[in-house]
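Me: Can you walk me through this fold, one question at a time? I'm new to reading structures, so keep it casual.

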Amino acid sequence: MNAKPSISFGPTRRQRPSRWRALLWWALMAWAAFVLMAAMPSLAVAAERPVAQGQALPIITPIADCSALGSTSLVDIGGAGSRVLKTSKATSQGLPACIVEGLLAPSIQFRVELPLGSWTQRYLQVGCGGLCGRIGMEVGAADGCLDLKQGGFALAATDMGHQDNDGSFGRNAAQREDFAHRAVHLTAVAAKRLIQRFYGRPQRFAYFSGCSDGGREALIEAQRHPEDFDGILAGAAALNFQVQNSLYHGWQARANTAPDGGAILTAARLPVLHQAVLKQCDALDGVVDGLISDPRLCKFDPATVACPGDGDAPGPECLSRREVDAARQLYEGPRDPQTGERLTAGGPQPGSELGWAGVFVPADAQSPIFSERIAMQALKHLVFETDPPADFKLADLRFDRATLDQLRARHPLMDATDPDLSRFAARGGKLVIWHGWSDPHISPLNSIAYHQAVRKRMGEGAARAFERLYLLPGVYHCSGGEGPSAIDLLTPMMAWVERGIAPDAVLTRTPEPRQRGNGFGQPEARPAPPMAGPSGPTVSGPPSGPPDGAPQEPPSGVLDLARSGPVVQRTRPVYPYPQVARYQGKGDIHSADSFRAVAGSDIPVPAWAGEDFFQPPPVRGLIKLSPDISHTASQPATR
């Protein structure tokens, strides 16, 4: 009987390589894999860095039916007429929730979303951008926050006491008070009562997160109602509301308006200016990557990109004399014509030029300038004790010390610049301020000025125990920009409040390209532009848009220069001010792993005529609440 042939799944002896050849082959494969991994942007590696979390709290389920919340009394909170308007079952963060809509007198509308099976005893209230007049539940600065994704928060928001966004509510004293601070505070009190009734217990921890006017609302809460929240995130805050919405935006519109009423600089010209800034200043932070880590160190003069000769004709790679003058005034801001005093805390910073599109630089010379609209809404009915005449125009606004002094009367009501946070600190509150360096709507120098004022008032050591400032290179207003703008500050805040772990490095990343802009904090619920490529800006679209995750198409007639260049995918750490992230000299310049923290410069904000606004204002009477609702405040956090 013949023997069965042996079965082999490998090569024959003649085909089989030598042992040394096999070892060499495997070594080459390992080397190639190593090179490939080193060459790829280490996004996954950076994203897997451990992030301190909050406490592991058990899920609490409701003890009451959603419909039972309809009978909850709110009269002692908001006054006669305050009530729950509607209860329903829907979803919050994609999970089942009880939705409560209510009214606090005279006209504060609010919404509370209470998870049915995922609540981890946390409450998060969301701020509102622009002049509000709507209820927006979008949460920002929480990119990848697990507890938020898993439905762990009860959420709430308010329309700030009015249903318009043109500033006309300012004619009503009660609605001004509601917008200034009352609506946010009373919504917090009402939401906590609903939480107590629905779950049979109060929240363990309460948080607030807002950007733009929502950032102002955040700081108002820390300053005037320190018992409301344990942790507060204040992004790109319109804290200097009186000056910001009048002299700043008014000047930005005026400076870019020609005598014939048309715009001088248009969006198509901004890449010329931006590239000149990068050519001069990009390398100041040790790496040429299209971002400027600290724009204050960039001493840029628009005259360096002026077209040669005496003519006023612009060129494809240079600016006309009129464009140079307009750009210089946009950077510089208004000054009193007699004394030369600055009238604002600061203007847009070098490197922010592409973000000017759609704010104070329109798509074409005939299009309206959005900054003029912002200014006129405030000037007509909000910022002055006596409204200007009905035919008042922006051209009638005087940029001088006398006008700034007229803004002082409502400064204690509207502004959030009080640096005395002793009551907030005493109850263990934590505050994180954050701002994009390329914000065209609100200069980041305002946030720096407030941070410095808090440190001066409270003392460096005392302030460091509860307050941090983060500045994001290349990031526009609340989101978007050339820099990585997706950030999770909510998770580090939870770790700080609940476990006493103070935040340090925080990872930022570029959102997925061509995705819809984040509407968090944006005026009039307009999405921010998606990321801008190296060639130019994207002008923000209309309030309505495609579903999340769908490509954002620019509206008809709006310039979109970002599509002419690729979006750079980056990760980058940001550190508490004044530290900055510096490239280590090797590795992928777009990867967070290639950067480390170095000491930065705590440069004082330049002197200006309203710097005394950043001092404690005269004592104002605050809302008196019934003693029986005191239990709705958060339980003191364990620290």
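Me: Which residue is the bridge partner of S209 in β7?
Reply: Bear in mind that this is a predicted model. Strands β6 (residues 205-211) and β7 pair in the parallel sense over five bridges. In β7, the residue bridged to S209 is L233.

Me: How many of the five residues of strand β7 are buried?
Reply: Check both faces of β7: G231, L233 and G235 are buried on one side, and I232 and A234 are buried on the other. The strand is largely enclosed by the rest of the structure, because the buried count in β7 (residues 231-235) is five of the five.

Me: Which strands stand at the edges of the nine-strand sheet?
Reply: It's an open sheet with mixed pairing, in the order β1-β2-β3-β5-β4-β6-β7-β8-β9. A strand at the edge has a single partner strand, so one side of it is left without a neighbour in the sheet. That fits the two ends of the order, β1 (83-92) and β9 (467-472).

Me: By how many degrees are neighbouring strands of this sheet turned against each other on average?
Reply: Take each pair of neighbouring strands in the nine-strand sheet, ignore direction, and average. The answer is 15 degrees.

Me: Which residue stands opposite V100 in β3?
Reply: β2 and β3 run antiparallel and are joined by eight bridges. Follow β3 to the spot opposite V100, and you land on V112.

Me: At about what angle does α5 run to β3?
Reply: Helix α5 lies across β1, β2, β3, β4, β5 (153-158) and β6. Its angle to β3 is about 35 degrees.

Me: What angle does the direction of helix α16 make with that of β8?
Reply: Helix α16 (residues 490-499) also gets involved with this sheet: it packs on it and touches β4, β5, β6, β7, β8 (430-436) and β9. Compare its direction with that of β8 and you get about 160 degrees.

Me: Which helix gives the largest share of the largest nonpolar core?
Reply: Nonpolar side chains tend to be buried together in soluble globular proteins. Here the largest nonpolar core has 120 residues, and L114, Y123, L219, W356 and L379 have the most contacts inside it. The largest share, 13 residues, comes from helix α5 (residues 173-199).

Me: Which residues does L219 touch, not counting those up to four places away in sequence?
Reply: L219 is one of the residues with the most contacts inside the largest core. Leave out its close sequence neighbours, up to four places away, and what's left is A234, A237, L239, A416, L431, I433 and Y450.

Me: How many residues are in the second, separate core?
Reply: This core includes A141, C145, F153 and Y207. Count its members and you get 33 residues.

Me: Is A141 buried or exposed?
Reply: A141 sits in the loop between β4 and α4. Its phi is positive, about 55 degrees, although it is not a glycine. Its relative accessibility is 10%, and buried means under 20%, so A141 counts as buried.

Me: What about C132, buried or exposed?
Reply: C132 is in the loop between β4 (122-126) and α4 (146-149). Its phi is near 60 degrees, a positive value in a residue other than glycine. At 1% relative accessibility, C132 counts as buried.

Me: How far apart are the axes of helix α7 and helix α10?
Reply: α7 passes α10 in a left-handed crossing. The contact residues divide into five nonpolar, six polar and one charged. Helix α7 (residues 241-255) and helix α10 (residues 370-381) pack at an angle of about 145 degrees, and their axes are apart by 8 Å.

Me: Which residue in β12 stands opposite L507?
Reply: There's also an open sheet of three strands, antiparallel, in the order β10-β11-β12. Strand β11 (residues 506-509) is joined to β12 by four bridges. Opposite L507 you'll find P573.

Me: What kind of peptide bond runs from Y577 to P578?
Reply: P578 lies in the loop between β12 and β13 (580-583). Omega for the bond is near 10 degrees, and the bond is cis.

Definitions and conventions:
Residues are numbered from 1 along each chain as its sequence is written. This is a predicted model: local features need pLDDT of at least 70, side-chain atom pairs count only at pLDDT 80 or more; totals for chains, interfaces and linings use all residues. Side-chain values use heavy atoms; hydrogens and water are left out. Two strands pair if DSSP finds at least two bridges between them. Axes are lines fitted to C-alpha atoms, for helices over the stretch in contact, and angles run from 0 to 180 degrees between N-to-C directions. A crossing is left-handed if the near helix is turned anticlockwise from the far one by less than a right angle, and right-handed if clockwise. Ala, Val, Leu, Ile, Met, Phe, Trp, Tyr, Cys and Pro count as nonpolar, Asp, Glu, Lys and Arg as charged, and the others, Gly among them, as polar. A nonpolar core is a set of buried Ala, Val, Leu, Ile, Met, Phe, Trp, Tyr and Cys residues joined through side-chain atoms within 4.5 Å. Buried means under 20% relative accessible area, exposed over 50%, partly exposed in between (1.4 Å probe, protein chains only). Contact means heavy atoms within 4.5 Å.
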